[in-house]
Amino acid sequence: MQPDDSINVLGTTLGLCGVDPVTGFFRDGHCNTCAADQGSHTVCAVMTAEFLAFSKYVGNDLSTPRPEFGFVGLNPGDSWCLCAGRFLQAHDEGCAPKVSLDATHIRALDIVPLDILKLYAA
């Protein structure tokens, strides 16, 4: 799998999203993406208790550790590459987390308008 160019929504080099825990479709700490990333894990978000509860409620439990998959579980304050569609859904429901624009991949704009992302700029 060859990643798309590492460009953020601001048109500059994609910044680091998170390494504790390591995030990203490629688990490289960046919200890089490629054609195989069907979920578009492109929005670098800072987790909140409210968002983690919402995500669990809609079927994607990000807070419970899953050691069998090497997943430690997320806590409020952790940065994570979210699926762009889930971020937009959280926005629509009024519980979207803050976003690191410099670490959010430009492909997120295929799903989430820039003006919405800017509302949540960290």
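Let me start with Ser 40, which is buried, with a relative accessible area of 11%, and which is found in the segment before strand E1. This is a predicted model, and in it the phi of Ser 40 is near 50 degrees, a positive value in a residue other than glycine. Arg 27 also has a positive phi, of about 50 degrees, although it is not a glycine, and its place, too, is in the segment before E1. While we are in that part of the chain, please look at Pro 21, whose place is again in the segment before E1, because the peptide bond that leads from Asp 20 to Pro 21 is cis, with omega near 5 degrees.

Let me turn to the cysteines. How many disulfides does a search of the whole structure find? There are 2 of them, and if the bonded cysteines of the protein are numbered in sequence order, the pairing reads 1-3, 2-4.

Cys 17 and Cys 44 form one disulfide, with their sulfur atoms 2.1 Å apart. This pair links distant parts of the chain, since Cys 17 sits in the segment before strand E1, which covers 41–46, and Cys 44 sits in strand E1, 27 residues apart. The torsion about their S-S bond is about 90 degrees, so this disulfide is right-handed. Cys 17 counts as buried at 9% relative accessibility, and Cys 44 is buried with a relative accessible area of 1%.

Cys 31 and Cys 81 form a disulfide as well, with sulfur atoms 2.1 Å apart. Here the torsion about the S-S bond is about -95 degrees, so the disulfide is left-handed. Cys 31 lies in the segment before E1 and Cys 81 in strand E2, so the pair ties together parts that are 50 residues apart in sequence. Both Cys 31 and Cys 81 are buried.

What, then, of Cys 34? Cys 34 is in no disulfide, and the nearest cysteine sulfur, that of Cys 83, is 13 Å away; at 3% relative accessibility, Cys 34 counts as buried. For Cys 95, the closest cysteine sulfur is in Cys 83, at 15 Å, which is too far for a bond, and Cys 95 is buried, with a relative accessible area of 5%.

Now to the interior. In soluble globular proteins, nonpolar side chains tend to be buried together. The largest nonpolar core in this model has 24 residues, and those with the most contacts inside it are Val 43, Met 47, Leu 82, Phe 87 and Leu 117. E1, helix H1 (49–57), E2, helix H2 (84–92) and helix H3 (114–119) each supply at least two residues of this core. Leaving aside residues up to four places away in sequence, Phe 87 touches a list of residues including Val 43, Leu 82, Pro 97, Ile 116 and Tyr 120. Apart from this largest core lies another, of 5 residues, among them Cys 17, Cys 31, Cys 44 and Cys 81, the cysteines that we met in the two disulfides.

Finally, the largest pocket, which has a volume of about 310 Å³. Of the 16 residues that line it, the closest to its centre are Arg 27, Asn 60, Leu 62, Phe 71 and Trp 80. Which strand supplies the largest share of this lining? That is strand E2, residues 79–83, with 4 residues. By kind, the lining residues divide into 8 nonpolar, 4 polar and 4 charged.

How values were computed: Residues are numbered from 1 along each chain as its sequence is written. This is a predicted model: local features need pLDDT of at least 70, side-chain atom pairs count only at pLDDT 80 or more; totals for chains, interfaces and linings use all residues. Side-chain values use heavy atoms; hydrogens and water are left out. On a 1 Å grid over the protein atoms alone, a cavity is a set of points where a 1.4 Å probe fits but cannot get out, and a pocket is an open set with protein on both sides within 12 Å along at least five of seven lines; lining residues have an atom within 4 Å of a point. Grid points are joined across faces, edges and corners, and a volume is the space filled by probe spheres set on the points. Ala, Val, Leu, Ile, Met, Phe, Trp, Tyr, Cys and Pro count as nonpolar, Asp, Glu, Lys and Arg as charged, and the others, Gly among them, as polar. A disulfide is a pair of cysteine sulfur atoms within 2.5 Å. Buried means under 20% relative accessible area, exposed over 50%, partly exposed in between (1.4 Å probe, protein chains only). A nonpolar core is a set of buried Ala, Val, Leu, Ile, Met, Phe, Trp, Tyr and Cys residues joined through side-chain atoms within 4.5 Å. Contact means heavy atoms within 4.5 Å.
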